[in-house]
Amino acid sequence: MAPPTFPPVPRSLFYPRRPKTRDNETALRLEALGASRHTTYAQHLWGFTILRTVYTPESDALFPIAMRRLDAWARYSPHQGRFPKYGQAYESKAVTDGEPNEELAKRFYCDVIEDKDRLAGIQSDAEGFAKLRDYFREWLVSVGVQPDLPPNHDDDDDDDDDDTDDPDLDPALEPNESHDDPRFRSVLVVDEECLRSLIEELPDETPPLRTAVDREEWLKYLRMGKKAWLWMLDTGYMTRDESQFSPGFRGWFRLGPTELLWAWYEWKSYLHRQSDPSWKVREKDGVPGVWCYYY
């Protein structure tokens, strides 16, 4: 299925900033989405590609349910920062203009790849993830993205309209969108364990878009879906020589459904700077997550 078609993000949704009525983090993410100048596939959308690796009669019934829930929670995530804490004292601090948040939510799109012949039974380990990395990069080529070409997407800031300061850039090449959009760098994987977490830990309904009545309700909403997760593979990192790996990190980690927007924006920020994030994994009390830093 082809990605949905969206026009460019209206500038009025992210500029000028309106800190008293709008969510500035959402404005920054919309601005980043609008800065995808060289993306042609899934243009003006954010998200990733999902590879399904579990194929059983049970998973055939559960997988569509999990994908619907994942979609709902990913679209809920742009609204999470609008309603801080709980009670009447915080109602006045809620972000009242939700138009930018809703715009970001409706621009979420993931390609879901189901290929039983090639993906069934691939294990979630170093060998299996390497196979999935290679499969994903093949799929990118099939939709017109060339992951192995150099970036070639920014001038060298010396106002001479060439890119010759970087010897790896070929001015004859078209700008390479694989270096401009996180969906062409990282891929999500749903295996049996992951599918189980999405079904057992991710509710059908997302929290209401309002300030929580009291602390109990606020904590309930904060905890909803926190133990659901997917695998994320940083395929660019995985193509490096192992001598370049950070200690304890091989290029894959678990990520919660409401963290997809955060991960996309982090990636977008680094790609804009033509640099890479170095992911560090944390996992506490069975709740998966990540953080990253410059290196």
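These are my notebook entries on what I looked up in this predicted model.

**Entry 1: the whole protein**

I began with the overall make-up. The protein has 295 residues, and 51% of them count as buried. I found 10 helices and seven strands in its secondary structure. Next I looked at contacts between residues at least 6 apart in sequence, and 73% of these join residues at least 24 apart. For the outside, I noted an exposed area of about 15,100 Å², with carbon and sulfur atoms supplying 48% of it.

**Entry 2: strand E3**

I then turned to strand E3, which covers residues 186-190. Are its residues buried or exposed? Five of the five are buried, so the strand is largely enclosed by the rest of the structure. The cut-off I kept in mind is that buried means under 20% relative accessible area.

I also checked which way the side chains go. In a regular strand they alternate between the two faces of the sheet. In E3, Ser186, Leu188 and Val190 point one way, while Val187 and Val189 point the other way. The residues on both sides are buried.

Which strands sit beside E3? I wrote down two partners:

- Strand E1 (residues 49-52) runs parallel to E3, and four bridges join them. One pair to look for is isoleucine 50 with its bridge partner in E3, leucine 188.
- Strand E4 (residues 230-234) pairs with E3 in the antiparallel sense, also over four bridges. Here valine 187 has leucine 233 of E4 as its bridge partner.

So far I had leucine 188 and valine 187 in separate bridges, and I noted that these two point opposite ways from E3.

**Entry 3: a cavity**

Rolling a probe the size of a water molecule over the atoms shows where empty space is left. How many cavities of 30 Å³ or more does the structure hold? I found one. The largest cavity contains about 60 Å³ of space.

I listed the lining residues next: Val54, Thr56, Glu58, Ser59, Leu62, Glu192, Leu195 and Arg196. Helix H2 (57-76) and helix H7 (192-201) are the elements that each give two or more residues to this lining. Sorted by class, the lining has three nonpolar, two polar and three charged residues.

**Entry 4: helix H8**

I looked at helix H8, residues 215-223, and picked out its buried residues: Glu217, Leu219 and Tyr221. After H8 comes glycine 225, which has a positive phi near 75°.

**Entry 5: unusual backbone spots**

Most residues other than glycine have a negative phi, and most peptide bonds are trans. I went looking for exceptions and wrote down three.

- Tyrosine 15 and proline 16 are joined by a cis peptide bond, with omega at about 0°. Proline 16 is in the segment before helix H1 (24-34).
- Histidine 44 is not a glycine, yet its phi is positive, about 65°. I located histidine 44 in the loop between H1 and E1. Its relative accessibility is 13%, so histidine 44 counts as buried.
- Lysine 85 also has a positive phi, near 50°, and is a residue other than glycine. Lysine 85 lies in the loop between H2 and helix H3 (88-91). With a relative accessible area of 38%, lysine 85 is partly exposed.

My last note sets the two loop residues side by side: histidine 44 is buried, whereas lysine 85 is partly exposed.

Technical notes
Residues numbered from 1 in each chain as written. Predicted model: local features only at pLDDT ≥ 70, side-chain atom pairs only at ≥ 80, totals over all residues. Heavy atoms only, no water. Buried < 20%, exposed > 50% of the residue type's maximum accessible area, 1.4 Å probe, protein only. Pairing = 2+ DSSP bridges. 1 Å grid on protein atoms, 1.4 Å probe; cavity = no way out; pocket = protein on both sides within 12 Å on 5 of 7 lines; lining within 4 Å. Points joined across faces, edges and corners; volume = space filled by probe spheres on them. Nonpolar A, V, L, I, M, F, W, Y, C, P; charged D, E, K, R; others polar. Contact = heavy atoms within 4.5 Å. Areas by Shrake-Rupley, 256 points an atom, 1.4 Å probe, with all protein chains shown as cover.
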